[in-house]
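Work through the three exercises below. Try each task before you read its solution.

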Amino acid sequence: MNSAMPATSNAKDKRAREAEEDRALIKLAQAGDLAAFRRLVERHQRRAFSVAVALVRNDDDAREIVQEAFLRAFKSLARFQSDSTFFTWLYRIIANLSVDHARRAGGRTAPFAEQRLANVEVDELDVPFLGRVEGADPLDALRRREIAASLQAAFDALPSYHRAVIVLRELEGLSYEEMAEALGVSKGTVMSRLFHARRKLQRALADCYEEHVGHVDRAAIAEADARSER
Amino acid sequence: MKTERDDALELMAFADGQLDGEAKERAQRRLETDPLARELVAQMHDVRVKAWLEDAADEQALRGGADHIADAVFVRLGGAAGRSAFFVGRVRRGVALVAALALAAGIPLVGFVRRAFLRAPAPVAAQLDPRVTSLRSSSAGVELDEIDSPSHDVSVFEISGAAGELAANAPPPSSVVIWIDDKPGAP
């Protein structure tokens, strides 16, 4: 198991710098500089898409929601308060649009995993590797594929509110307060969702490791699970 | 009272760098003495999950066309149409500001015109009523009569048509103004 690595201030500093650059772009956009707004969209389109996919489980719907979110942000730029961060504001719009989308869809959307499988050939199911952390030994390729597939399956099986907190925290590095603001829930709810989502992913990882190397400390995981329930 | 669940969440918050002050110190002390706490924190911050998520997000962004969202947004904004949508609020505010400035400038202008009119050379009395008792001359082509009244000074002005406004051969229009002085009992 990897050692605990409490988040350093680097990530915070990076996000603070990005937020400052966003504010400068917003100021220009508010003065009518469309190129500045385009730059803002380009900076955030990928991450916004990840958040939207986590929430609605469909690429096309996610892309549509992100486009709409940027349009709404554009129309409301004059009202944007510079004391908040652009991405928190944007993610809040995406979260609201996703809720509306889910209401409209009313369960008509196919499960995400099914969509993914339906859209790709079997050979393309090489979900992302873990090369950066597992080394590049070709003999490990199969195992890494299976680990990634296990994580993908576990992630797809999570409810959307669990996926959203995972993406906002692990990919975007948002603080608990920012996540709460973006999702419109309390900080305690964010923490609880994040904890349980991580536990589920960790269990998937443990199952996969146990299958291949057979020395997973299941007792520790079970104890941690029990603690979180008490 | 803190539960073990609270403890677990606090340890997770520590792993995420979300704790400060006393809570942070408490979590650090706990990690020094409790192997299960260390295990929990390690699981909460497994770099493999983060690495997989990053790769998955990149792959998904490529597959889903996330890099073309800006193009689509600007197509939907429609260039000038989008620009006008953005500026419509500003234009409205600009019009309101100009109107307010015009109004603010107009009020003193009205006052100025009124004062200028009242300061104009005294009109000449005209014989408009048998009760007229005095007649004064004026160079403005306007006549003024004063009328006896028990309580107020009453003056009658006849203002002839303004020079330059009259069409050739047209009879000059005129206006009659009755001026009642508020000073009661003036002679």
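**Exercise 1. Give the order of secondary-structure elements in chain A, then its burial and contact pattern.**

Solution. Read from the N terminus: the elements of chain A run α-α-α-α-α-α-α-α-α-α-α. The tally is 11 helices and 0 strands. The model is predicted. Next, burial: chain A has 230 residues, and 39% of them count as buried. Last, contacts: take those in chain A with a separation of 6 or more; 62% of them join residues 24 or more positions apart.

**Exercise 2. Place A:Arg79 in chain A and decide whether A:Arg79 is buried or exposed.**

Solution. Start with the location. A:Arg79 sits in the loop between helix 3 (59–75) and helix 4 (86–105) of chain A. Now count neighbours. A:Arg79 has 8 C-beta neighbours inside 10 Å. The cut-off for exposed is 12 or fewer. A:Arg79 is therefore exposed. Finally, check a pair: A:Arg79 and A:Gln30 lie 49 residues apart in sequence, with 9.3 Å from C-alpha to C-alpha.

**Exercise 3. Describe how helix 4 and helix 9 of chain A pack.**

Solution. Two values are needed, because a helix pair is described by the angle between the axes and the distance between them. For helix 4 and helix 9 (residues 176–183) of chain A, the angle is about 40° and the axes are 7 Å apart. The two helices are therefore oblique to each other. Now list the contact residues. Helix 4 supplies A:Thr88, A:Tyr91, A:Arg92 and A:Ala95. Helix 9 supplies A:Glu178, A:Glu181, A:Ala182 and A:Leu183. Sort them by type: 4 are nonpolar, 1 is polar and 3 are charged.

Methods: Residues numbered from 1 in each chain as written. Chains lettered and ligands numbered in written order. Predicted model: local features only at pLDDT ≥ 70, side-chain atom pairs only at ≥ 80, totals over all residues. Helix = DSSP H or I, 4+ residues; strand = E, 2+ residues; numbered from the N terminus. Buried ≥ 20, exposed ≤ 12 C-beta atoms within 10 Å, placed from the backbone. Contact = placed C-beta atoms within 7 Å. Axes fitted to C-alpha atoms, helices over the stretch in contact; angles between N-to-C directions. Parallel < 35°, antiparallel > 145°, perpendicular 65-115°, else oblique. Nonpolar A, V, L, I, M, F, W, Y, C, P; charged D, E, K, R; others polar.
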